[in-house]
Structure formats: structure tokens, C-alpha cells
Amino acid sequence: MSLSSTTSSSSSASSPSPTPAAPSPDPARLPVDERRWPDVARTPRASRIRTAVAERIVRRALARLPLRVRLGGTETLGLGGPLVEVRDPAAFFRRIGADGLIGFGESYMAGEWEAPDLVGALTVLAERAAYLIPAPLQRLRSVWASKQPDAQRNTPEGSRDNISRHYDLSNDLFALFLDETLSYSSGLFRSFPADRSLLAAAQRRKIDRLLDRAGVGLGTQLLEIGTGWGELAIRAAGRGARVITVTLSEEQRDLAQERIRAAGYEENVTVLLRDYRRVMGTFDAVVSVEMIEAVGAEFWPEYFRTLDRLLAPGGRVALQAITMPHDRMLATRDTFTWIQKYIFPGGFLPSVEAIEAITTEHTALRVTDRDGFGPHYEQTLRLWRERFTERAGDVEALGFDETFRRMWTFYLAYSEAGFRSGYLDVQQMVLTKPGVPTKPGVPTGPGVPTGPWEGDTR
């Protein structure tokens, strides 16, 4: 998929109709390609009243934060801290008035505000996300907040489109900032601060820990939901497992197959371009790394029922999942966000409580072990962001313009701030299924997966 079609389709999901922007008073404001980024190039329609209310709320919030916010170079708000330079206050407040946090992110993409320590500034906001907006307005969220568009629902057809818009951007793009394992999820480090030279080892440590928790070893029939670029499947095959791995990204599928062949495990691993709901068979173990975030809250019960169906009696599921606090999950469940519009269409983060409640109500699966390691994701994201910044010229050479680079810088910094503040966490969870393993001749017990092989290899 071309960059043009990706960004245009995401921008068209914005609810207010845009109107041409007035010339910015700041000559430093960045030029934006209107064809690729219509909602960034043009400020949205917003009534004077709505804009004035938004400005009043934002000014009041900023005045109480440990930030130093300069508005147009003439006024400073905040209690002191990371600097936020708002170059075009009129456009900044108008965007927030029209689209809330989507407008806040689009304003950064447009170059209307800047922060030398972007992660530090966003961390201050993330730490106070629950009460930046006054409680009465929080209760009116359903009135002023944009709704998630139906086009982003994670039906089997919609999921493929949503995944493609992120993961089919370019394998070369991801290779610029990921490590040699091409792992696009949190690593697990031995110590902090993390060093880039140790990122690949941290990713393999994370994978091995998941495989250990799922009991993957010689003879295991393993299903992986969400192939990525194949590193987990390769390491599972190296243990003697037979692996079926499914993805909805053609780009990932093709490169994963190349890497699996190069590692010598083509006979042990089958990569399928398939929705998880359409997998058939019974597996000793199921592993999925940071894929549940793309399922969508509407489909979480179906997701876990599918895992229950595919897992043999006595088997284990090992999940790695980004989670958010339960109260914030409930408050934002129906809200359309900047991340959904520009980065992960249809995505939504679960809470631990939601996972436990859904599995208890809809499946025989039970969460029997979990632990969080959010600080490790903060370090992982820092290393990705630093590398992405260092290789800005290479990103441009791939055909991605400055607005895209600002969008991805904001996304990586926004995510890093979420983990630094503790607003986000990442969990490794083990879910077990009761029953007596039925595979003859295979020892049973803790860490030993069992169950008949009916893997779908079409």
C-alpha cells in the first residue's frame, strides 16, 4: 500500500469537515502536503464558542502543570519544567476545540507546537491524563468526543485493512529502527539504562521467556497469532516445535518466510495469511505477542473463545499484552483517538481486569500467572525513537515526508511517555485450560504441552 493511500484514508475518518486554514502568523510553520494529509494541512471547522471553551480549559490545565508553555513567544504558562513552544496558538486551540487530543496530535504534525524534550512534556500530560479535563466534562465525553468509525471495526475483512495500513507501510522502514531480530514489541533487559547494542538480546530473552511459559519444546504443536517478522517462530522451531503462524500483513508474511528459510526451518514452520478466527485445528500451545491490542474491545470475547477452541486440554496460552488501567479503559472505550486515526486503526488496549473477566465469562481459560514490565517498554521505545531520529534521512529516502516523520516521532514519544508515567504497562500472561492431555506417549506435567495435532496448513 502506498503512503498516499494510507494517510489519506486515515485522515478521511475525521468527523468535522475541514476548511482552508488562514495563513499562519509563524513563518516557521511547516509546509504540509494537502493530498496526503488533508486534516493536518487545513485547520478544522470549530465554532468560536467551542474554540473559546477549549482554550479556557487548556489554559487552566497548563497553568497548573510542571511545564513551561510559551504561547506565540509572548506569554508563558505553567509551573516550570519541560518547554512546550506553541508557535501558532490560534491554530493550536482551534484544533483542540474541534477534535480534542486528535487535534493536539495533528497540531504537532503541522509544526504548530514543538518540545525539545518531547517525551518529558508528554509524560507530564500522561501522568495527569485522568484529571486534565474537568470532571463535569469527563461525564459529557459521549457528547464532545469523536466516535470510532464503523470502517475501523475489526471484522475479518476490516482487520486485514487495519493491519495493512500499519504493517504494510514498508519492511525497510521498520528495519531502519528495529534491531536485527525485527521484533516490534517490548524487549526484556537485564539492567537499565538499556543500550542499543543489547536490544536484540533483550528481544530474544523476551521471546524465550514466553516460550518457556507456554511449555514449548521438542514436539510441541504451536500456534502463533501475529507472525511479526518471524523471530518467535524461528526460535520455537529451534526448540523442536512444529509451528503454524498467522498474520494479516502480506509484507510481514513475505519477509518472515524469507527469514525462516534462511534459518533452515522451512519444514518446521508454516506462515499463513489468515485471520485468527479462521484457523482450524488443535494445538498444544498458543503464543501471541502484542496482538490483542489490534483485536478491538467488541471482539475480545470472540478472540478468547477462539483461543479456547484451538487449545488442547491441559494446554497453555502465553500472551504479551500492553494494558491500561481499567477505569481509563472504560472511560475511553468508545472514543476515537489520534493513535487510532493515524497509527493503529481499530486498536484498543485492554485492562488486566477485562481480560480476566472475559475469559472467566466466555471460556474455560483462566489466567494463572502474569507479570508486568512496563519500564522495559519505556527503554525499548527510547531506543527505537532515538534510532528513528538518527536515520531521518534514510526515512526520507524511502519516500516518507516530514509530516510522516513528525507523526512517527510523536507516536513513539507518546508511547514512551505512557510507559514512563505508569499509565501503560506490558504484561506476560499465562492462561491454562483444564482437562487431561490426550496425546499418547508424551509426558505430562508443568511446562510440558500436550494435545493432538490437527494444524491447518492450507
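This report describes one helix, a helix that crosses it, and a sheet in a predicted model.

## Basis of the description

The model is predicted, with local features needing pLDDT of at least 70 and side-chain atom pairs counting only at pLDDT 80 or more, while totals for chains, interfaces and linings use all residues. Residues are numbered from 1 along each chain as its sequence is written, and side-chain values use heavy atoms, with hydrogens and water left out.

## Helix α19

Helix α19 covers residues 402–421, where helices are DSSP runs of H or I of at least four residues and strands are runs of E of at least two, numbered from the N terminus. Its end C-alpha atoms are 28 Å apart, which agrees with the 28 Å expected for 20 residues at 1.5 Å a residue (1.5 Å times one less than the number of residues). Of these 20 residues, 16 are buried (under 20% relative accessible area, with a 1.4 Å probe and protein chains only).

At the N-terminal end, Asp401 acts as a cap, with a side-chain oxygen 3.2 Å from the backbone nitrogen of Thr403. Just after the helix, Gly422 takes a positive phi of about 85°.

## The crossing with α4

The axes of α4 (residues 89–109) and α19 come within 8 Å and cross at roughly 130°, which makes α4 oblique to α19 (neither under 35 degrees, nor over 145, nor 65 to 115).

## The sheet

Four strands form an open sheet of mixed pairing, in the order β2-β1-β3-β4, two strands being paired if DSSP finds at least two bridges between them. Because β2 (75–77) and β4 (113–114) each have a single partner strand, one side of each is left without a neighbour in the sheet. Strand β1 (residues 68–71) runs antiparallel to β2 and is joined to it by 3 bridges; Val69 stands opposite Leu77 in β2.

Note on methods: Buried means under 20% relative accessible area, exposed over 50%, partly exposed in between (1.4 Å probe, protein chains only). A polar contact is a pair of N or O atoms within 3.5 Å; within protein, one must be able to donate a hydrogen and the other to accept it, and residues adjacent in sequence count only if both atoms are side-chain atoms. Axes are lines fitted to C-alpha atoms, for helices over the stretch in contact, and angles run from 0 to 180 degrees between N-to-C directions.
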